[in-house]
Amino acid sequence: MAAADALGAPGEPRRRTVRSGGVPLAVYEQGDPTRPTVLLVHGYPDTHRVWDDVAAALAAEHHVVRYDVRGAGDSGRPARRRDYRLELLAGDLFAVAGAVSPDRPVHVVAHDWGSIQSWEAVAHPDAAGRIASYTSISGPCLDHVGHWIRHRLARPTPRHVAQLLGQLAHSWYIAAFHLPVLAPAAWRRGLADRWGTVLRLAEAVTPRPGHPQPTLAGDAVRGINLYRANMLPRLLRPRARPTTVPVQLIGLTRDHYVSPALAEGLERWVPHLWRRTVPATHWSALLEKGTTVARMVEEFVARPEGRTAPAAGRSPKDRKPFAGRLAVVTGAGSGIGRATALAFAEQGADVALCDLDPEAAERTAELARLLGASARAWRVDVSDGTAVDTFAADVTAEFRVPDIVVNNAGIGHSGTFLETTEQEWRRVLDVNLWGVIHGCRAFGSLMAERGEGGHIVNLASAAAYLPSKLLAAYATSKAAVFMLSDCLRAEMAGFGVGVSAICPGIVNTNITRTTTFSGLDAAQEAARQKRVSGMYARRNFPPEKVADEILRAVTGDRAVVPVTFEAKAARLIGRLSPGLLRTAARFDIG
Ligand code: NAD
């Protein structure tokens, strides 16, 4: 990077200097200055280079500006602690914004301490005309945190105490930074040299040119002033800091420093708040998932004028757990599928539904709309891979990439191995196994590509681990779904997508009325369906309870969820004494 002010080579950032209160700030610009300006503010102990990937992805459509904050990189290096106060840092941001975009407000995007100092500017009374939007990543407003702590100390419920302790455990290094000598000595005596290794081991980040930067040791030592000049004053005497600037808060699922609880209740200060999630650590969000962050910024900058935040007008208490999320449910026209679609709708999600029976699916969509959800239904045969691919494309076009996919569609079949015809085998495997495979492929690849995580739920069955000579094809299909879910879970973990296998026992749905039986004529089959339906009705376990478990599996990212007493008992016995289950499998039960 050129040290002097100069116009860089084509494609390289153009370097200029902006003065703020006598401190020279090294500013780097990319992209067309007539496009909307995005101003990137880095954290501690970084420089503008931490944004390389994000800036490159944004530069095609935006005027991208970064700067080294005071004390870091090529910017001026004030020596006194008081020169690092938040008011001065906010002044730097306004100075750079005014110099690079004098006529139009800028879109600020900030990380870590960059985010903390940008909050100071965003909550400034003059911010509305100068900052068009703010994307905050892993750096809260210290005043908001001060109020957050006070509120929890004043009402020390077990949940509040757990949140306080949780954040305290994330903040050990802040105390260390207040100790004299220790922190500067650690940076000077080797930590700076080993910072790349620390990031690789703790943050899943690969060092690259420009990060960590050659000036790290000095930057890190001076940056300790950020903590010492601001933390205690703001946390102990927090000011009221509301803002009307629209804010996009990007939460990181594996952040070692900022716990998600810290953002609870933020709507109190920020009425126009959008919440997004990236499955990433504190640094991998920028260094490994830069294109995902850039896409979120792009979407936020380009959001239609006047679009209100999902949480607008609702108090945090009223916000539903799945608000703003999209759930896809297959086989949503009946039983567990319908109950699951409605449970997600009731908890605030939008739902995209499909079934072989389009009227039944449309009825579920109508009921979901009555609960306040956006809902659409499609006719899809899940055993047809092309149809499922088209469904996934339609859902994405109509709504967006889903956050949750429930591969629920399935059929019942009863018959011993020797009785079951090849055609029956194919039908059961096509729907129960291939239907799940098609759903996982079509939607899983979209979720992985989007990079915002999510959850896939596959309906297996207690039959997956409970052998029965009468359920040869059905149990085989469900055992395959069970194992598929575990394999997929291992693979999708890298994308922040959870996978759950749900294993219900006997649930009172329509499945028994459509279950086919090998070796029986139509009259015998109808009689058997009636008998089994009666048995399921007497057991009377409602599909709504399975739906509740499915929502819990998503929230808690549970791998295997047996539902009903018999499903739990069979799983336990299968582990303690598999031979017992094998013996029981010989009897004509069902
Ligand atoms: P259900 O018959 O009430 O509902 C299944 C829905 O899937 C129906 O609306 C049906 O039209 C649809 N469907 C069937 N084949 C399809 C296809 N090829 N493409 C698209 N949609 C199709 O059954 P349910 O009990 O709600 O079953 C849901 C899932 O739960 C199934 O996978 C089933 O195997 C599993 N399960 C059910 C029970 C139970 O006791 N009911 C127990 C364990 C597992």
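Guide: Two strands count as paired if DSSP finds at least two bridges between them; strands (E, at least two residues) and helices (H or I, at least four) are DSSP runs, numbered from the N terminus. You're looking at a predicted model, where local features need pLDDT of at least 70, side-chain atom pairs count only at pLDDT 80 or more, and totals for chains, interfaces and linings use all residues. Residues are numbered from 1 along each chain as its sequence is written, and side-chain values use heavy atoms, with hydrogens and water left out.

Visitor: Okay, strands then. Which residue in β8 does L252 stand opposite?

Guide: Strand β7 (residues 247-254) runs parallel to β8, and the two pair over seven bridges. Across from L252, in β8, you'll find V278.

Visitor: And how many of the nine residues of β8 are buried?

Guide: Buried means under 20% relative accessible area, exposed means over 50%, and partly exposed is in between (1.4 Å probe, protein chains only). Strand β8 (residues 273-281) is largely enclosed by the rest of the structure, because the number of its residues that are buried is seven.

Visitor: There's a ligand too. How many residues surround it?

Guide: To be near the ligand, a residue needs a heavy atom within 4 Å of it. The closest are S334, D355, N408, Y474 and T509, and the full count around the ligand is 28.

Visitor: How far is a ligand oxygen from an N or O atom in the side chain of S334?

Guide: A polar contact is a pair of N or O atoms within 3.5 Å; within protein, one must be able to donate a hydrogen and the other to accept it, and residues adjacent in sequence count only if both atoms are side-chain atoms. A ligand oxygen is 3.2 Å from a polar backbone atom of G505. For the side chain of S334, the distance is 2.6 Å.

Visitor: What share of the ligand's accessible area does the protein cover?

Guide: Accessible areas come from the Shrake-Rupley method with a 1.4 Å probe; for residues, only the protein chains shown count as cover. A ligand oxygen is also 3.5 Å from a polar backbone atom of I511. On its own the ligand has 820 Å² of accessible area, and the share covered by the protein is 94%.

Visitor: How many disulfides does the structure hold?

Guide: A disulfide is a covalent bond between the sulfur atoms of two cysteines, and here the cut-off is a pair of cysteine sulfur atoms within 2.5 Å. The sulfur of C440 is 11 Å from the closest cysteine sulfur, in C487, so that pair is too far for a bond. The total for the structure is zero.

Visitor: Is C354 buried or exposed?

Guide: C354 sits in strand β10 (residues 350-355). Its relative accessible area is 1%, so C354 is buried.

Visitor: Which residue's side chain does the side chain of N432 make a polar contact with?

Guide: N432 belongs to helix α15 (residues 422-450). At 0% relative accessible area, N432 is buried. The polar contact, at 3.3 Å, is with S477.

Visitor: Anything odd in the backbone? What is the phi of A204 near?

Guide: Most residues other than glycine have a negative phi, and most peptide bonds are trans. The loop between α8 (182-203) and α9 (216-236) holds P212, and the H211 to P212 peptide bond is cis. A204 lies in the loop between α8 and α9 as well, and its positive phi is near 55°.
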